[in-house]
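Here is a short tour of one protein model. Look at the sequence and the structure first, then read on.

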Amino acid sequence: MLPPRTPRPPLSGTVNADIAVIGGGFAGLSAARRLSQLDASLKVVILEAGEIAEGATGRNSGFIIDLPHEVSSEDYGGSDTSERQHDIKVHRIAIALAQALANEKGWGKDIFDPCGKYNVALGLQGDKHVASYAKQLDKVKEPYKLLDAREIAAVTGTESFTSAIFTPGTVIIQPAAYIRGLADSFHDRVKLYENTPALSFERQGASWLVKTPKGAVSTAKIILANNGQAQSFGLFQGQLLHVYTYASMTEAFEPQRLGGQRSWAATPAFPMGTTVRRVEGANGDRILIRSRYTYNPRMQVSKNAIARAGRVHDRKFEARFPMLKGIPMEYRWAGAMALTWNGVPAFGEIEPGVFAAIACNGVGATKATASGIAAAEAALGQDSWLVQVFRGFAAPKRLPPQPFLTIGATANLSMKEWSAGAE
Ligand SMILES: Cc1cc2nc3c(=O)[nH]c(=O)nc-3n(C[C@H](O)[C@H](O)[C@H](O)COP(=O)(O)OP(=O)(O)OC[C@H]3O[C@@H](n4cnc5c(N)ncnc54)[C@H](O)[C@@H]3O)c2cc1C
């Protein structure tokens, strides 16, 4: 939806760096930003296999969520009160980085909107989840507003939702514009190379040599921020679950076809349900539907899988917005996430001088940003509160062997989706 962008040239030849960051998503670019904040003299090289904003980081639903939001848990929380408060503090560190960038860039609400989000219900079960979420928020003393069917209809312009809860701390971004802006925010000593996959890295005396198709980076330290693809270096084998989620977005439509507010964002009452956004645009508004999770150990999804998810999206869209019947989806896509069995990041100094900020566990706009910041601080020897939190996570639990893993993961996702029902 954005105008084309000319990518930075790929790396050719050998360059030296103090730190090489592998991966230009939320984790990698946030790590690079934190590195240059902490020491502007550092020479940082970022290697991005593809182009900035063309992967999951640029193509998500755009929620930077402040509150606990475990996609794999029954009720988002998944932990006790003090852990939840901990999580909230971590999430707000990530949001602060994003907010500072937005201030620097002078972004408007079309790119960075601290408008909060709704959790919406579509029936009795969803209403119960909304009510129980309110109780969790009471325990962690976070503000919220409960909305009945009439009140949420006034926001969304549809009478489909039966109740909702509004929480004010989530920031809604245009993810591709956000991440392009972050990539373009670096000073001269931070160099980004696009279309430059890191193929391998090996010790070379006291430093590391990261090889790319047409060059290499000789570097003292590495931050690995390439999410599930870390496995292509032989790392975290049997510890990362490659889960894809899917989204569709309508063509722009005349704003008056749908009442309510022109811009709002809603996650489902059930974590495994359907996310919906209305995106206001100069040429009309669009609805985004994000739904479905599949387990794809080969880290690829087929066109058929996207088409199948698309049919689910069409049904969800029609059920929620009967007044928009006939407006086709203009875009459909899928994106990868790396989850761990015990929901922890794959974080830390995995070899001397090599720091991992892997396994977003779904909510990567927030969590991968935070883990990138923590990896940068750890790489510079800082023992900040955030580093201590990340170091305190257990190691990712070993997954069961195949074929039990595929059978179990597929059954688990299907069961959770089934229990989310219409939500
Ligand atoms: C449809 C969809 C909707 C979503 N909605 C939300 C949402 O609203 N809020 C939220 O918090 N999360 C959301 N997510 C999840 C979120 O997008 C991910 O959690 C997040 O992108 C993870 O960030 P990351 O930086 O860890 O990894 P990625 O975004 O996967 O970035 C890793 C980068 O590393 C690069 N790379 C890989 N291998 C190499 C290599 N060898 N060398 C160099 N570079 C390499 C990749 O090209 C990629 O750019 C959504 C995901 C999808 C697919």
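## A covered helix

Start with helix H5, residues 175-183, in this predicted model. Its buried residues are Pro-175, Ala-176, Ala-177, Tyr-178, Ile-179, Arg-180, Gly-181, Leu-182 and Ala-183. That makes nine of nine, and H5 is mostly covered. The cover includes two helices, H1 (26-38) and H2 (81-105). It also includes two strands, E8 (171-173) and E9 (190-193).

The N-terminal end of H5 has a cap, Gln-174. A side-chain oxygen of Gln-174 lies 2.9 Å from the backbone nitrogen of Ala-176.

## Nonpolar cores

Tyr-178 of H5 is buried, and it also belongs to the largest nonpolar core, which has 67 residues. Three members touch the most other members: Ile-46, Tyr-178 and Ile-223. Helix H7 gives this core its largest share, nine residues. A second core stands separate from it, with 25 residues. Leu-47, Leu-224, Leu-235 and Ala-346 are among them.

What does Tyr-178 touch, leaving aside neighbours within four places in sequence? Its contacts are Phe-26, Leu-97, Ala-98, Leu-101, Trp-107, Ile-111 and Ile-173. In soluble globular proteins, nonpolar side chains tend to be buried together.

## Around the ligand

The model also holds a ligand, with 37 residues around it. Glu-48, Thr-57, Phe-63, Gly-362 and Ala-365 come nearest. By type, the shell divides into 18 nonpolar, 16 polar and three charged residues. H7 supplies the largest share of the shell, four residues.

Backbone atoms of the protein meet oxygen atoms of the ligand at several points. For Ala-56, a backbone N or O atom lies 3.3 Å from a ligand oxygen. Gly-62 also has a backbone N or O atom 3.3 Å from an oxygen of the ligand. For Gly-364, the distance from a polar backbone atom to a ligand oxygen is 3.0 Å. How much of the ligand does the protein bury? Taken alone, the ligand exposes 990 Å², and the protein buries 91% of that. Four elements each give two or more residues to the shell: H1, strand E13 (241-250), strand E17 (329-339) and helix H7 (364-379).

## Tyr-144, on a loop

Tyr-144 sits in the loop between helix H3 (124-139) and strand E6 (145-148). Is Tyr-144 buried, partly exposed or exposed? It counts as partly exposed, because its relative accessibility is 27%, and that class runs between 20% and 50%.

Not counting residues up to four places away in sequence, Tyr-144 touches Ala-134, Leu-137, Asp-138, Ile-165, Phe-166 and Thr-167. With Asp-138 there is a polar contact: the two side chains are joined at 3.0 Å. Ala-134 is 10 residues from Tyr-144 in sequence. In space, the two are 7.4 Å apart, C-alpha to C-alpha.

## Gln-239, on another loop

Gln-239 lies in the loop between strand E12 (215-224) and E13. Its relative accessibility is 15%, so Gln-239 counts as buried; the cut-off is under 20%.

Which residues does Gln-239 contact, leaving aside its neighbours within four places in sequence? They are Gln-231, Leu-339, Thr-340, Pro-396, Lys-397, Arg-398 and Leu-399. Pro-396 also takes part in a polar contact. Its backbone oxygen lies 3.0 Å from a polar atom of the Gln-239 side chain.

Conventions. Residues are numbered from 1 along each chain as its sequence is written. This is a predicted model: local features need pLDDT of at least 70, side-chain atom pairs count only at pLDDT 80 or more; totals for chains, interfaces and linings use all residues. Side-chain values use heavy atoms; hydrogens and water are left out. Buried means under 20% relative accessible area, exposed over 50%, partly exposed in between (1.4 Å probe, protein chains only). Contact means heavy atoms within 4.5 Å. A polar contact is a pair of N or O atoms within 3.5 Å; within protein, one must be able to donate a hydrogen and the other to accept it, and residues adjacent in sequence count only if both atoms are side-chain atoms. A residue is near a molecule or strand if one of its heavy atoms lies within 4 Å of it. Accessible areas come from the Shrake-Rupley method with a 1.4 Å probe; for residues, only the protein chains shown count as cover. Ala, Val, Leu, Ile, Met, Phe, Trp, Tyr, Cys and Pro count as nonpolar, Asp, Glu, Lys and Arg as charged, and the others, Gly among them, as polar. A nonpolar core is a set of buried Ala, Val, Leu, Ile, Met, Phe, Trp, Tyr and Cys residues joined through side-chain atoms within 4.5 Å.
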